[in-house]
Amino acid sequence: MLPCDSPYRGNLLMAAVSIIFLLYSRKMKGPFMFSNDLINVVSYFLVSLFMHSHQQMSRMEDFKNRRIIKVQRDTDSMTGAMTKAAFENNTIGFLRNPESEGCLLILDIDNFKSINDSFGHSIGDFFIANTGRCILDCCRASDFVGRFGGDEFVILMLGRLSRDAVQNKVMIMTESLKAFFKENTKYQAYSISVGCALFHAGSLRPDYQELFNQADHALYIAKNSGKDRCIIHGE
């Protein structure tokens, strides 16, 4: 633990220096001087050990608190997904690498307004919260999942993906969502519409805003061609 944990490395260094000094003192000085050195070194070492450990632990506590605040700021409290700002910042950072590849998906719940109007806002919140949680369960830890407000969610799936792979992933997600709401609610008509935009490595590829617009246009087509479907930009 001492050599591996950074807060304790200073303590380990102080202990090593103290031991070397005492060995030198015992060899080069008389018993009386060595006794004085021993008392002084042990006293100062214990004081410095306490002060250094206290300082390091305070820094670690501050770091942990900053991390907690950042996670709370970047996480949507209702669903556990990223906030819009956090999702956009992470996605833009990922897209800066010209070798990055993946697929941006925008999805929302079909006929969500009628769910709110028929069952009330508390049931609407239940639909949003559990839609977000099911999406997170269906995605990999490396994927980005964000909520853009209301019932709109955005996903960035990382890695080279074919159109068939994206359609298959959306189908699994859709079936998981339908099964959950069929089992846990009286609403049997639950469905989602999804718009997707693929991007590959290379210089000629869309930036974030263009990629978002492509996926958003695909979602518009999905909504206006019967809903409950996934449309990939360019189809």
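Helices, of at least four residues, and strands, of at least two, are taken as DSSP runs and numbered from the N terminus. On this basis the predicted model contains 7 helices and 5 strands. Read from the N terminus, the elements follow the order α-α-α-β-α-α-β-β-α-β-α-β. The protein has 235 residues, of which 38% are buried. Among contacts with a separation of 6 or more, 70% join residues that lie 24 or more positions apart.

The N-terminal part of the chain was examined through two loop residues. Lys29 occupies the loop that links helix H1 (9-28) to helix H2 (31-74). With a relative accessible area of 31%, Lys29 is classed as partly exposed, since that class lies between the limits of 20% for buried and 50% for exposed residues. When neighbours within four places in sequence are set aside, the contacts of Lys29 are with Phe21 and Asp37. Asp76 belongs to the loop between H2 and H3. In contrast to the partly exposed Lys29, Asp76 is buried, its relative accessible area being 15%. Beyond its neighbours within four places in sequence, Asp76 contacts Ala81, Met82, Thr83 and Arg147.

Thr91 is located in helix H3. The relative accessibility of Thr91 is 0%, and this residue therefore counts as buried. Residues up to four places away in sequence being excluded, Thr91 touches Phe144, Leu156 and Tyr208. One of these partners, Tyr208, is itself a buried residue of helix H7, and helix H3 (84-95) is included in the cover of the buried residues of H7.

The pairing of helices H4 and H5 was considered next. The axes of helix H4 (residues 112-119) and helix H5 (residues 121-138) approach to within 7 Å and cross at roughly 140°. The two helices are therefore oblique to each other, because only angles over 145 degrees count as roughly antiparallel. On the H4 side the contact is made by Phe112, Ile115, Asn116 and Phe119, which meet His121, Ile123, Gly124, Phe127 and Ile128 of H5. Sorted by class, the residues of this contact comprise 6 nonpolar, 3 polar and no charged residues.

Helix H5 was then examined on its own. Its 18 residues should span 26 Å at 1.5 Å a residue, and this agrees with the separation of 26 Å between its end C-alpha atoms. The buried residues of H5 are Gly124, Phe127, Ile128, Ala129, Asn130, Thr131, Gly132, Cys134, Ile135 and Cys138. Among them, Gly124, Phe127 and Ile128 also take part in the contact with H4. The cover over the buried residues of H5 includes E1, H4, strand E2 (144-147), E3 and helix H6 (163-184).

Helix H7 (residues 208-224) was treated in the same manner. For its 17 residues a span of 24 Å is expected at 1.5 Å a residue, in agreement with the 24 Å between its end C-alpha atoms. Burial in H7 involves Tyr208, Leu211, Phe212, Gln214, Ala215, Ala218, Leu219 and Ala222. Viewed down the axis of H7, these buried residues lie within an arc of 160°, so they line one face of the helix. Such an arrangement may be read against the geometry of the α-helix, which has 3.6 residues a turn, so that residues three or four places apart point the same way. The face of H7 that is turned away from the buried side bears the exposed residues Tyr220 and Asn224. Besides helix H3, the elements covering the buried residues of H7 include strand E1 (102-109), strand E3 (152-158), strand E4 (192-199) and strand E5 (230-232). Strand E1 and strand E3 are thus named in the cover of H7, and E1 and E3 are also named in that of H5.

The segment that follows H7 shows several positive phi values. Gly226, just after H7, adopts a positive phi of about 115°. Lys227, which is not a glycine, has a positive phi of about 65°. Asp228, also not a glycine, has a positive phi of about 50°. Lys227 is placed in the loop between H7 and E5, and Asp228 lies in the loop between H7 and E5 as well. Lys227 is partly exposed, at a relative accessible area of 28%. Asp228 is likewise partly exposed, at a relative accessible area of 37%.

Methods: Residues numbered from 1 in each chain as written. Predicted model: local features only at pLDDT ≥ 70, side-chain atom pairs only at ≥ 80, totals over all residues. Heavy atoms only, no water. Axes fitted to C-alpha atoms, helices over the stretch in contact; angles between N-to-C directions. Parallel < 35°, antiparallel > 145°, perpendicular 65-115°, else oblique. Contact = heavy atoms within 4.5 Å. Nonpolar A, V, L, I, M, F, W, Y, C, P; charged D, E, K, R; others polar. Expected span 1.5 Å × (residues − 1). Buried < 20%, exposed > 50% of the residue type's maximum accessible area, 1.4 Å probe, protein only. Arc of directions from axis to C-beta.
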